[in-house]
Amino acid sequence: MGKIIKVSGPLVVADGLADANMADVVRVGEQRLIGEILTMTGDQASIQVYEETSGLGPGAEVVTTGAPLSVELGPGIIENIYDGIQRPLEVIVQQTKSNNLARGVEVPALSRERRWEYTPVAKVGDKVVAGDVLGTVPETAVVLHKIMVPNGVSGTVEWTAAPGSYIVDEVIAKIKTDKGETKELTMVQKWPVRVGRPYKKKYNPVAPLQSGQRIIDTMFPIAKGGTAAVPGPFGSGKTVVQHQLAKWSDVDIVVYVGCGERGNEMTDVLREFPELIDPRTGETLMKRTVLIANTSDMPVAAREASVYTGITIAEYFRDMGYAVAVIADSTSRWAEALREMSGRLEEMPGEEGYPAYLASRLAQFYERAGVVQCMGTEDRTGSLTAVGAVSPPGGDLSEPVSQGTMRIVKVFWSLDSSLAYRRHFPAINWLNSYSLYLDTMTPWFDEHLGKDFMVNRNKAMALLQEENSLNEIVQLVGKDSLSANDQLTLETAKMVREDFLQQNAFMDVDSYSSHDRQMRLLALILNYDKLARAALEKGAKIQDLFDIPAKEQIGRAKFVEADKYAEAYSEIEKQMEAEIDAAVEKGGADE
């Protein structure tokens, strides 16, 4: 037990803690506020407190728990809403009868009252190692929770619980270790948040994560098990892009971390997710979602812990063999929390006041993503995809958080406020964004969508880049001075931008677009370009090609009902071919 000698905001300095260790969780003061030891100097410890420290003063007691900051892993995580250090917010609200987070509340992360239907898988006499499945619990209608042997435990199953309903801390199996000790296992296990969970092997990500967003899936795809950043200035739609990813990504579990964001944005998530139906399962999205809410008015130190809490929970479900996505909104607010704590510790500041270890901390977060062979004797593969928003002040991508993130992630969706002001959403700038997974995912696209998909994607990107070059000429001499082919390039690029890349998140039919639909729609636009160029060579007039009714039909094609689009696109194609042929005949007749 130690005594406080200094309080500086969320930083508390205490002496008399010779028995404590770095990263130990401590309880501070009469209210037993949660804190974590950052540095040790002799018997003096610098502690970051995850709760409001007003009212604390020198002489208050500090007690170490002797364990690092950890999360509880077991049934009951899905559908829950936690704060940055895994305290269940709904339970706290019910207990305290207050909408504000009370200090010193001690509530277990997983309910010790709720009973779960447990079905044993391992039998008495089975040899088991860490990661092997002991039994299963149907946590929600879409998630089968696998109760695994904790890390560091192996041996022979001596006893297993009969099928039935149990609470998480009841013993469900006994294992006799190789040393002859008997270990009693429950459905809950603890894991330190700053330590990555182990796996057997890491693979190269080769399959795309389908988000239903055309500019992402077709132009700048992210692989399952990949890393991506969404940088952009205020009001450019970062949160909406991340909400769309959380809603529609074809993953089994989504962990959404609201790290230092506005409270009303988290409220939108809390209201929308229980109402939205997942197209893959037919159940509400909350049935596969974990929310970690650490809004901008909550204690800043807990913001720093929230991303680690989120990614540790994600790794736990990855170890079951699930595809998991972690959405962190935003890593800039997390970096600001690091900067504040670093300043209070009087560490040597790096660029723009951020700590010198900012880049390594960002890397530690993103490097926990990947496609892995899970622990255990059973052959299981799980994936963890990490997507982080970056909020650079004034949209300046040269600042340290953006630069540090760009060095690590392989997909960069650069949001542009000028596109947002023109009501072009998602406001991802196609000239500044990139995906380094394209080469590794090309075989997957060729196999599942045909070789034309990547050819068309590259052609569309070339058109958009050519349009950017031509726009400079247009500003000088006007559009009419361009050749017919260049005018067609501008028109087709406009169709790619407005009819393909632009998407309405508030229209059910346009909010989500499948890979097949994206492929057919892009092929339709590029086929118009191909036929129109051939028609120009045969003497058709450019204005006649612009005026055909089928071109207008292409503009509305993205709003065709999901079960009718294939037939509708074929009809538009036939109509377009006939009308372009008519334009050729008209051009020949005029001559």
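Visitor: By class, what residues does the lining of the second largest pocket have?

Guide: This is a predicted model, where local features need pLDDT of at least 70, side-chain atom pairs count only at pLDDT 80 or more, and totals for chains, interfaces and linings use all residues. A pocket is an open set of points on a 1 Å grid over the protein atoms alone, with protein on both sides within 12 Å along at least five of seven lines; lining residues have an atom within 4 Å of a point. Ala, Val, Leu, Ile, Met, Phe, Trp, Tyr, Cys and Pro count as nonpolar, Asp, Glu, Lys and Arg as charged, and the others, Gly among them, as polar. By that scheme, this lining has eleven nonpolar, five polar and six charged residues.

Visitor: How much space lies in the second largest pocket?

Guide: Residues are numbered from 1 along each chain as its sequence is written, and side-chain values use heavy atoms, without hydrogens or water. A volume is the space filled by probe spheres set on grid points, which are joined across faces, edges and corners. For the second largest pocket, that comes to about 620 Å³.

Visitor: Which residues of its lining are closest to the centre of the second largest pocket?

Guide: The lining has 22 residues to choose from. The closest to the centre are Leu-89, Asn-99, Asn-100, Leu-101 and Met-298.

Visitor: Which elements give two or more residues to the lining of the second largest pocket?

Guide: Helices (H or I, at least four residues) and strands (E, at least two) are DSSP runs, numbered from the N terminus. Two elements meet the mark here: helix H1 (89–96) and H4.

Visitor: Which helix gives the most to the lining of the largest pocket?

Guide: The largest pocket holds about 1,100 Å³ of space. Its lining has 45 residues, with Val-240, Val-241, Gln-244, Ala-505 and Phe-506 nearest the centre. Helix H3 (238–248), helix H4 (263–272) and helix H13 (508–511) each give two or more residues. With eight residues, the top giver is H3.

Visitor: How do the residues lining the largest pocket divide by class?

Guide: Val-240 and Gln-244 are among the residues nearest the centre. Over the lining, the split is 18 nonpolar, 15 polar and twelve charged.

Visitor: Which residues lie nearest the centre of the largest cavity?

Guide: A cavity is a set of points where a 1.4 Å probe fits but cannot get out. The count comes to one cavity of 30 Å³ or more, and the largest cavity holds about 100 Å³. Its 13 lining residues divide into seven nonpolar, three polar and three charged. Nearest the centre lie Gly-131, Val-149, Arg-197, Asp-319 and Met-375.

Visitor: Are H12 and H14 roughly parallel or roughly antiparallel?

Guide: Axes are lines fitted to C-alpha atoms, for helices over the stretch in contact, and angles run from 0 to 180 degrees between N-to-C directions. Helix H12 (residues 484–501) and helix H14 (residues 515–537) pack at about 165 degrees, with axes 10 Å apart. Angles under 35 degrees count as roughly parallel, over 145 as roughly antiparallel, 65 to 115 as roughly perpendicular and the rest as oblique. H12 and H14 are therefore roughly antiparallel.

Visitor: By class, what residues does the contact of H12 with H14 have?

Guide: Contact means heavy atoms within 4.5 Å. In H12, Leu-488, Met-495 and Phe-500 are among the residues that take part, while those in H14 include Leu-521, Ile-525 and Tyr-528. The contact has eleven nonpolar, four polar and three charged residues.

Visitor: How does H12 lie to H16, roughly parallel or oblique?

Guide: The axes of H12 and helix H16 (residues 549–556) come within 9 Å and cross at roughly 30 degrees. That makes H12, relative to H16, roughly parallel.

Visitor: Which residues of H16 does H12 meet?

Guide: H12 brings Glu-491, Met-495 and Asp-499. In H16 they meet Lys-551, Ile-554 and Gly-555.

Visitor: Is H5 oblique or roughly parallel to H6?

Guide: The axes of helix H5 (residues 300–318) and helix H6 (residues 331–344) come within 8 Å and cross at roughly 130 degrees. That makes H5, relative to H6, oblique.

Visitor: How do the residues of the contact of H5 with H6 divide?

Guide: Val-307 and Tyr-308 are among the H5 residues in contact, and Trp-334 and Leu-338 are among those in H6. The split is eight nonpolar, no polar and five charged.

Visitor: What is omega for the peptide bond from Asp-329 to Ser-330?

Guide: Most peptide bonds are trans. Ser-330 sits in the loop between strand S22 (323–329) and H6. Its bond from Asp-329 is cis, with omega near 5 degrees.

Visitor: Where is Pro-426?

Guide: A cis peptide bond joins Phe-425 and Pro-426, with omega about -5 degrees. Pro-426 is in the loop between helix H9 (417–421) and strand S26 (434–435).

Visitor: What is the phi of Gln-86?

Guide: Gln-86 lies in the loop between strand S8 (81–82) and H1. Gln-86 is not a glycine, yet its phi is positive, at about 60 degrees.
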